[in-house]
Amino acid sequence: AADLAQLRGLASSQGIQFIPGTWINSIQVTKGVGSVVNGYESIAGQINVELKKPQESDKFYLNGYVNSSGRSETNLIYTVQTGKKWGTTFLLHGSVRPFEMDQNGDSFLDFPTGTQINFVNRWVYNSGNGWLGQLSVKYLKDNKQGGQTFFHPERDKFTTNRYGLEINTERAEFVGKLGYQFSDKPYKSFGLQFNGVDHLHDSYFGLNQYNAREKSLYANLIYQSVIGSTLHKFKTGLSMLFDEYRETLDQVGSPVGLAFDRTEQVPGAFFEYSYDDSKKFSLIAGVRVDQHNLFGTLFAPRLHAKYDVTPTTTLRASAGRGIRVANIIAENTGFLASSRALMFQNKTSSQGYGFVPDMAWNYGLNFLQEFNLGYRPGSFSLDYFFTDFENQVVMDLDHSPRQVTFFGLQGKSFSHSVQVQIDYQLARRFDVRLAYRWVDVETDYLTGRRQRPLIPKDRAFVNLSYKTKNNWVFDGTVQRVGRQRIPD
């Protein structure tokens with residue numbers, strides 16, 4: 001996954017904000033467990049964001065944007081073919097939100113002010129004789145300031161004059177791929193994926209200060225071939241993950257600061273078998289084993305199957321296990337904006353924050369029916385997914401209004417999700433999409449089983465799109481977000 005690293009670790013809660021829309025070439029979303037080739041962390045889905053490549057980018061693209069609140073941004077894409085085998089693309093983004101806005105008059109900003117500078121230089125290599133390569137170098141600097149109006153850090157920081165917060169991020173990253181495809185056996189190839197990250201996060205929320213740094217290295221070696229014929233294919237390989245986290249938290253009312261440091265070293269191996277008869281049935285079965293230096297052996301089996309009942313009717317099923325080490329503060333920094341004290345209960349490990357990794361089984365079913373109605377195409381899909389946690393770090397905001405409590409799951413934690421979607425062409429060049437999703441997420445808290453807070457019980461979505469003969473597009477969307485439980 002080319003740019004997946006932006007959505008994990010310390011960047012898991014902000015990473016999607018660090019990808020300008022004009023840079024995106026494509027987005028792939030996997031529902032349910034992902035492929036074992038991409039690691040053990042996928043539980044309920046994966047997102048792969050592919051940025052612009054030299055062979056697919058405009059030679060020169062300049063985009064500017066300003067809105068009524070003063071938010072301004074500029075995006076530049078510049079592509080050069082440096083030879084028959086090499087091409088490079090420069091991606092530059094700069095944005096600023098300079099003005100304080102308080103339209104409801106509560107003395108708090110409606111959104112943070114701040115600036116962002118974002119740069120990527122991407123190189124692509126094609127030897128013409130089977131060797132392919134990509135290399136990207138990225139740099140990001142993002143600063144946000146929020147809180148009350150007229151808050152000035154040089155005067156009011158860490159005082160009770162006025163409430164303020166800052167989140168400052170600096171991130172450097174490189175991502176690379178190198179692969180070879182055998183010319184006489186196109187089904188046979190090998191590849192190497194690698195990336196490195198240095199992520200610096202400095203922030204404070206009123207009198208609470210949270211600083212963290214992540215250094216990460218990842219390498220994934222993949223070999224692909226067939227067993228007997230192209231009906232039976234396999235992928236196998238080795239991976240290595242190195243994560244170093246250094247975190248400090250100083251909270252108001254706490255006599256000493258808290259430090260959370262950990263270094264993860266995780267070598268792993270995987271094997272994935274796929275069968276495809278090119279007619280009705282396909283199957284992907286995979287397994288991977290990783291040896292975590294802090295948490296021992298991690299075992300992740302996964303299965304995906306697809307069956308074409310008719311040329312227009314398709315059934316899909318998936319099942320598998322996902323594992324992840326939760327970064328509980330970076331993923332839940334919202335509690336730092338209150339005066340809640342951080343508490344831990346039911347610790348399950350002596351490592352990290354004191355908890356074993358989240359582990360869950362995910363099971364999914366999908367039904368897809370394509371149809372023609374009035375000579376116009378359409379489709380109907382129905383999804384059901386069930387996620388059942390073996391281990392989980394749970395954030396409890398109900399236990400006490402003065403505390404946020406993290407505890408290791410002792411009972412059950414699960415979710416049911418059902419989604420219905422209809423796509424239909426109402427008239428020529430006029431498309432409609434209707435979708436509805438119902439979700440039930442429950443966890444055994446310290447006070448008993450309850451719905452997870454701030455998760456809508458259901459959602460509804462309507463999209464209408466019309467494209468003229470001259471390629472003008474008119475698009476409208478209406479969303480409904482259902483009830484959510486607020487912590488007591």
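How many aromatic pairs does a search of the whole structure find? In this predicted model, the search comes up with 23 of them. A pair of aromatic rings is described by the distance of the centres and the angle of the planes, and two of the pairs are worth walking through in those terms.

Take W131 and F190 to begin with. Their rings meet edge-to-face, with 5.9 Å from centre to centre and 80° between the planes. The pair links distant parts of the chain, since W131 sits in strand β7 while F190 belongs to strand β9 (residues 189-205), 59 residues apart. Neither ring is hidden away under the 20% cut-off for burial: W131 has a relative accessible area of 34%, so it is partly exposed, and F190, at 32%, is partly exposed as well.

F430 and Y466 make another edge-to-face pair, here with 6.4 Å between the centres and 70° between the planes. F430 comes from strand β22 (residues 430-445) and Y466 from strand β24 (residues 458-467), so this contact ties together parts that lie 36 residues apart in sequence. Partly exposed is the label here too: F430 has a relative accessibility of 25%, and Y466 comes in at 31%. Beyond these pairs, F260, F335, F344, Y353, F355 and F406 come together as one aromatic cluster.

Aromatic residues also turn up on the surface. F60, L62, Y78, F90, L92, F119 and Y139 make a nonpolar patch of about 660 Å². Strands β3 (60-66) and β5 (86-97) each supply at least two residues of this patch. Y139, another patch member, lies in strand β7 (residues 131-147), the strand that also holds W131 of the β9 pair. With a relative accessibility of 33%, Y139 counts as partly exposed.

Turning to sheet architecture, one open sheet has three strands in the order β16-β20-β19, and its pairing is mixed. The edges are taken by β16 (341-345) and β19 (393-396); each has a single partner strand, so one side of each is left without a neighbour in the sheet. From one strand to the next, the twist averages 20°. Strands of a sheet pair through backbone hydrogen bonds, either parallel or antiparallel. For β19 and strand β20 (residues 403-408), the sense is antiparallel, and four bridges join the two. Within this sheet, V394 has F407 of β20 as its bridge partner.

Note on methods
Residues are numbered from 1 along each chain as its sequence is written. This is a predicted model: local features need pLDDT of at least 70, side-chain atom pairs count only at pLDDT 80 or more; totals for chains, interfaces and linings use all residues. Side-chain values use heavy atoms; hydrogens and water are left out. Patches are made of residues with over 30% relative accessible area and no salt bridge: like charges are joined within 9 Å, nonpolar side chains (Val, Leu, Ile, Met, Phe, Trp, Tyr) within 5 Å. Accessible areas come from the Shrake-Rupley method with a 1.4 Å probe; for residues, only the protein chains shown count as cover. A salt bridge is a side-chain nitrogen of Lys or Arg within 4 Å of a carboxyl oxygen of Asp or Glu. Buried means under 20% relative accessible area, exposed over 50%, partly exposed in between (1.4 Å probe, protein chains only). Two strands pair if DSSP finds at least two bridges between them. Axes are lines fitted to C-alpha atoms, for helices over the stretch in contact, and angles run from 0 to 180 degrees between N-to-C directions. Rings of Phe, Tyr and Trp (its six-membered ring) pair if their centres lie within 6.5 Å; planes under 30 degrees apart count as stacked, over 60 as edge-to-face and the rest as tilted.
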